[in-house]
Structures are given as structure tokens and as C-alpha cells.
Amino acid sequence: RYERGRTLQEHIRAHRGTLGESFLRRVFAQLMNGPREVNRNRLLHLDIKPANIYIRNDGSPLLIDFGAARQTLSAQSRWLTPMYTPGFAPPEQYWNRELLGPWSDIYAVGATLFACLAGMAPQAANLRVENDRYVSATRIWAGKYSRALLRTIDWCLELEHLKRPQSVFALQQVLLGKQEPAAHEPK
């Protein structure tokens, strides 16, 4: 059905670095219901980014554009046409597609949160693998947002997939403030 609102990308442009933490936590905690359901059906979205998140007029988010979604959580479906958006795709989406899992969509969520604060995506993962110039959210926005939110962004943007949250539910609990982000020493 038709929904009224605008994309998160348009919302970011309109608010130019002034998105509040309560807005971010609420929107992203609600947004995680979509990837949780997708993962439950052994699928991954694989293209989470601000342009694919629609903020309805009531403020609720809607994850759209499942064109890149793939049945990737089963062994028989590892042959996929590579599709990714630089800055939002995790390293395994470029090279090690057998490592794709919920943590891959979680990387994209972290990159999207980063884009909400920075107004642009972080350095693309393929470039980070070669020459990581990522400066942690905890350093860039210290004092402007809670340390817990900034640590969550850095946790999601770990290059090593096993260092990221391993489930959308785990990330959702952190965004809701029910758990602390994993211990992490950003650079």
C-alpha cells in the first residue's frame, strides 16, 4: 500500500547532522523488526542504506527495496550475483560471500547509523580492508551522543564479521538500552 513520508536519506539531508539520539534509537530499534523477520526466513536484505529506509509521517520506519535480498543462509544458495552499495556493504559481500550472515546486514545498519551522524557513508569496506582510514564514532562524536550509541556504531562496523553483533535481536536489545554494546577498543 502507499505510505506517506520520505526516505531516511531525505531526512538526513533535511536535518543536516542534527538527528537526535532518541530518534535514532527508536527508528533503528523498530527497523530491526524487518531484518529479524527476513533472517527468520533464511534471507538477508543485503542492501540496507538510508535510501532504502522509509520514514512514514508517523515516524515509524519501513525497510524497502528487497531487490538484493537473497536466500543466503542455506548451503545450496551460495552462488549469487554480487550486489552492494559501497560504504554500506560489509567486506564479505565483496569477497567472501560464504561468510554472509545476519552480521552482514548489521554492518549495513552500522554504516547507516554512521551516515545519520556524518551525512555520508563511512569509507567503503573494500577500501578499509586495504587501507583502513575509518575514525571511530566514539572519537568523532564524543560528547554529542552517548558513548553506548557510538560504541554500537563502531561495533557494527567491525571489518571482521565475528566481532560484530551476531544477530539482529542482539543489536536491537542494545539499541533499546537493554544490553550494553560488546567491549570494543576503537582506533
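Buried, on this tour, means under 20% relative accessible area. Keep that cut-off in mind as you click around, and remember that the model is predicted.

**Stop 1: helix α9**

Select residues 168-175, which make up α9. Colour V168, L171, Q172, Q173, V174 and L175: these are the buried residues of the helix. That makes six of its eight residues, so α9 is largely enclosed by the rest of the structure.

What covers those buried residues? Bring up α2 (21-31), α3 (33-40) and α5 (102-118), then add α8; the cover includes these four helices. Before you leave, step just past the end of α9 to G177, where phi is positive, at about 80 degrees.

**Stop 2: R164**

Now go back along the chain to the loop between α8 (147-156) and α9, and pick R164 there. Is this arginine buried or exposed? R164 has a relative accessibility of 2%, so it counts as buried under the 20% cut-off.

Show side chains and look at what R164 reaches. Its side chain makes a polar contact with the side chain of E92, at 2.7 Å. A polar atom of the R164 side chain also lies 3.0 Å from the backbone oxygen of L159.

To see the wider surroundings, display the residues in contact with R164, leaving aside neighbours within four places in sequence: P90, P91, E92, W103, S104, Y107, W155, C156, E158 and L159.

**Stop 3: the cysteines**

C156 was in that contact list, so select it next. C156 has a relative accessible area of 0% and is buried. Then jump to C116, which is buried too, at 1% relative accessibility. If you're hunting for disulfides, the count for this model is zero.

**Stop 4: the cavity**

Last, an empty spot. Rolling a probe the size of a water molecule over the atoms shows where empty space is left. How many cavities of 30 Å³ or more does a search of the whole structure find? The search finds one. The largest cavity has a volume of about 40 Å³.

To find the place, select its lining: L46, D47, I48, T85, F88, A89, P90, Q93 and A108. Sorted by class, that lining has six nonpolar, two polar and one charged residues. You have met P90 already, as one of the contacts of R164, and here P90 is part of the cavity lining. Keep P90 selected and you can look from the cavity lining back to R164.

Methods:
Residues are numbered from 1 along each chain as its sequence is written. This is a predicted model: local features need pLDDT of at least 70, side-chain atom pairs count only at pLDDT 80 or more; totals for chains, interfaces and linings use all residues. Side-chain values use heavy atoms; hydrogens and water are left out. On a 1 Å grid over the protein atoms alone, a cavity is a set of points where a 1.4 Å probe fits but cannot get out, and a pocket is an open set with protein on both sides within 12 Å along at least five of seven lines; lining residues have an atom within 4 Å of a point. Grid points are joined across faces, edges and corners, and a volume is the space filled by probe spheres set on the points. Ala, Val, Leu, Ile, Met, Phe, Trp, Tyr, Cys and Pro count as nonpolar, Asp, Glu, Lys and Arg as charged, and the others, Gly among them, as polar. Helices (H or I, at least four residues) and strands (E, at least two) are DSSP runs, numbered from the N terminus. Buried means under 20% relative accessible area, exposed over 50%, partly exposed in between (1.4 Å probe, protein chains only). A polar contact is a pair of N or O atoms within 3.5 Å; within protein, one must be able to donate a hydrogen and the other to accept it, and residues adjacent in sequence count only if both atoms are side-chain atoms. Contact means heavy atoms within 4.5 Å. A disulfide is a pair of cysteine sulfur atoms within 2.5 Å.
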